[in-house]
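These are my notebook entries from an afternoon of looking things up in one structure. I wrote each one down as I went, beginning with a pocket and ending with pairs that are far apart along the chain.

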Amino acid sequence: MGATEMFFVDGELSAQITELAQFIGALKQVGDADKFAADLSASSDPVQTLVAESQGVLAKAPEDKVEAAYNQLFALAASAESAGIDAIARNVSEDVAAHADSGVAGLRVLNNLYNLADSSRAQVFSSMIVLAVRTHMLATLVPQISQLPKLLSEWSAPSDEKADVVVALRNALDAEQLGNEAYEAELAFLEAVGAANAQSVAVATSAIVRFANLSAVCDIDALASLDSVQELSKGGKLGPAGDLLNALLTFDFKQWSQFAADKAALLSELGVDSDKAGDKMRLLTVASIAADNLGQDVPFSQVSQAIAVDEEDVEMWIIDVIRSGLMQGKMNQVSRTLVPTRSTYRTFGAQQWQLLAERLDQWKSSLESLQPVINNAKLVAQQQALQMAGQSRVTIKD
């Protein structure tokens with residue numbers, strides 16, 4: 001979404017209405033375009049009449065003229081004599097979404113309308129989704145997904161309408177096999193719409209299952225830390241999906257394997273892919289091991305046992321964890337060890353605070369042990385400086 005558009009239209013308002021009416025009349029192939037324009041101009045609300053007469057016609061104008069024609073209509077609607085952009089936004093956006101021959105031109109028109117609108121932005125964005133799906137141009141809306149929380153906060157529409165728009169976008173992304181983007185849309189929903197909406201439980205459940213299944217998404221905190229997810233989870237409203245979320249947050253691979261075996265039917269009903277979820281838990285388990293052993297040698301054999309893979313495959317799993325962004329570190333292929341330098345905790349609770357306190361105490365002790373060495377070095381340096389100063393003195397006799 002861009003900044004608010006400004007249109008500069010030459011000529012009197014009546015002349016502009018007549019010009020656009022003649023253009024629409026030509027598109028409708030009326031017998032007498034001049035009479036059509038005169039009758040339209042004489043109506044009690046020429047702008048609303050233009051919108052009504054343009055239905056199913058103006059959106060099909062030649063691609064090189066359609067945006068200019070709509071911009072002229074928007075300028076007329078925004079004039080002091082008219083009721084404003086929001087008064088025509090719904091009819092225009094739905095018409096463009098349903099009838100535009102060119103997805104590119106139609107989306108430009110709707111983008112202009114969105115930037116000019118105020119209370120009807122949710123409706124216009126919804127029409128953009130419909131048009132993008134119909135013209136196979138959904139990819140053009142993908143860059144807007146990361147901006148959804150901001151956009152939703154700007155819309156004056158009711159919460160239910162906002163929710164419907166985001167769910168429609170999520171469903172469209174799913175239909176195009178854009179699972180990662182659909183997950184981002186669900187996070188935006190949960191962040192901006194909140195837990196009170198009737199669709200929140202279903203969206204949160206879908207997001208939890210999607211996290212388990214998506215190999216490219218490993219930041220569980222982005223989901224679990226959302227206020228709406230925590231509220232739904234604490235209230236027990238997520239049901240089995242809440243148990244799944246807790247497992248993803250706290251279990252290691254062995255615990256997950258037992259959980260997956262015990263809850264196989266339930267996980268299948270939720271839509272969890274057991275193989276993909278198992279691989280995800282292997283990555284998270286390696287990251288947890290790294291977080292508990294920062295700066296220390298972690299034998300490949302320890303990792304192998306923790307994630308139930310052959311030791312010769314451990315190196316590839318470590319590479320996958322590093323690639324996912326969960327961890328940074330170095331591998332020693334000679335000693336067959338991993339030295340993690342940074343890792344991501346899935347949760348940060350009492351155990352993690354205790355570990356942090358122990359590391360701070362170790363750091364403090366290390367600094368204290370270095371203090372005598374530093375003091376001694378200072379003393380040696382001072383003595384050397386005095387000695388050199390004495391040697392450099394020169395006495396001049398008369």
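**Entry 1: a pocket**

I began with the second largest pocket, for which the computed volume is about 200 Å³. I kept in mind from the start that I was reading a predicted model. Going through the residues that line this pocket, I wrote down Asn213, Leu214, Ser215, Cys218, Lys276, Asp279, Lys280, Leu283, Trp317, Asp320, Arg323 and Ser324. I then asked which elements give two or more residues to this lining. They are α17, which covers 274–292, and α19, which covers 314–324. Sorting the lining by class, I noted five charged residues, four nonpolar ones and three polar ones.

One of the lining residues, Lys280, turned up again when I looked at charges and rings. The charged end of lysine 280 sits over the ring of phenylalanine 211, at 4.1 Å from the centre of that ring.

**Entry 2: aromatic rings**

Next I searched the whole structure for aromatic pairs, and the search gave five of them. In one, phenylalanine 251 and phenylalanine 259 have ring centres 5.7 Å apart and planes at 75 degrees, so I recorded the pair as edge-to-face, since planes over 60 degrees apart count that way. Phenylalanine 259 also pairs with tryptophan 256, and here the centres are 5.6 Å apart while the planes make an angle of 40 degrees, which is a tilted arrangement. I reminded myself that a pair of aromatic rings is described by the distance of the centres and the angle of the planes.

Where do tryptophan 256 and phenylalanine 259 lie with respect to each other in helix α15? This helix spans residues 253–262, and because the two are three residues apart in it, about one helical turn separates them. Are tryptophan 256 and phenylalanine 259 buried or exposed? Both of them are buried; for phenylalanine 259 the relative accessibility is 12%, and the word buried applies because the limit is under 20%.

Elsewhere I found an aromatic cluster made up of Tyr114, Phe125 and Trp155.

**Entry 3: a sheet of three strands**

I then turned to the strands and found an open sheet of three, in the order β1-β3-β2, with antiparallel pairing. The edge strands are β1 and β2, as each of these pairs on one side only.

Taking the pairings one at a time, I saw that β1 (residues 298–299) and β3 (residues 337–343) are joined over two bridges. In this pairing valine 298 stands opposite leucine 338, and proline 299 stands opposite threonine 337. Between β2 (residues 327–332) and β3 there are six bridges, again in the antiparallel sense. Glycine 329 has proline 340 of β3 as its bridge partner.

The hairpin of β2 and β3 has four residues between its strands, and there I noted that arginine 336 takes a positive phi near 55 degrees.

**Entry 4: positive phi in two loops**

That value made me look for others, since most residues other than glycine have a negative phi. Histidine 136 has a positive phi near 60 degrees, and its place is in the loop between α7 (121–134) and α8 (148–154). Glutamine 177 likewise has a positive phi near 60 degrees, and I located this glutamine in the loop between α9 (159–175) and α10 (179–192). Are these two residues buried or exposed? Histidine 136 counts as exposed because its relative accessibility is 70%, and glutamine 177 is exposed with a relative accessible area of 70%; the cut-off for this word is over 50%.

**Entry 5: far along the chain**

Last, I looked up two pairs of residues that are separated along the sequence. Leucine 27 belongs to helix α1 (residues 13–28) and is partly exposed at 28% relative accessibility. From leucine 27 to alanine 61 there are 34 residues along the chain, and their C-alpha atoms are separated by 7.2 Å.

The other pair led me back to earlier entries. Alanine 287 is in helix α17, one of the elements I had met at the pocket, and this alanine is buried, with a relative accessible area of 2%. Alanine 287 and proline 340 are 53 residues apart in sequence, and from C-alpha to C-alpha they are 9.0 Å apart in space. I had already met proline 340 in β3, as the bridge partner of glycine 329.

Key:
Residues numbered from 1 in each chain as written. Predicted model: local features only at pLDDT ≥ 70, side-chain atom pairs only at ≥ 80, totals over all residues. Heavy atoms only, no water. Phe/Tyr/Trp six-rings, centres within 6.5 Å; stacked < 30°, edge-to-face > 60°. Buried < 20%, exposed > 50% of the residue type's maximum accessible area, 1.4 Å probe, protein only. Lys NZ or Arg CZ within 6 Å of the ring centre and 35° of its normal. Pairing = 2+ DSSP bridges. 1 Å grid on protein atoms, 1.4 Å probe; cavity = no way out; pocket = protein on both sides within 12 Å on 5 of 7 lines; lining within 4 Å. Points joined across faces, edges and corners; volume = space filled by probe spheres on them. Nonpolar A, V, L, I, M, F, W, Y, C, P; charged D, E, K, R; others polar.
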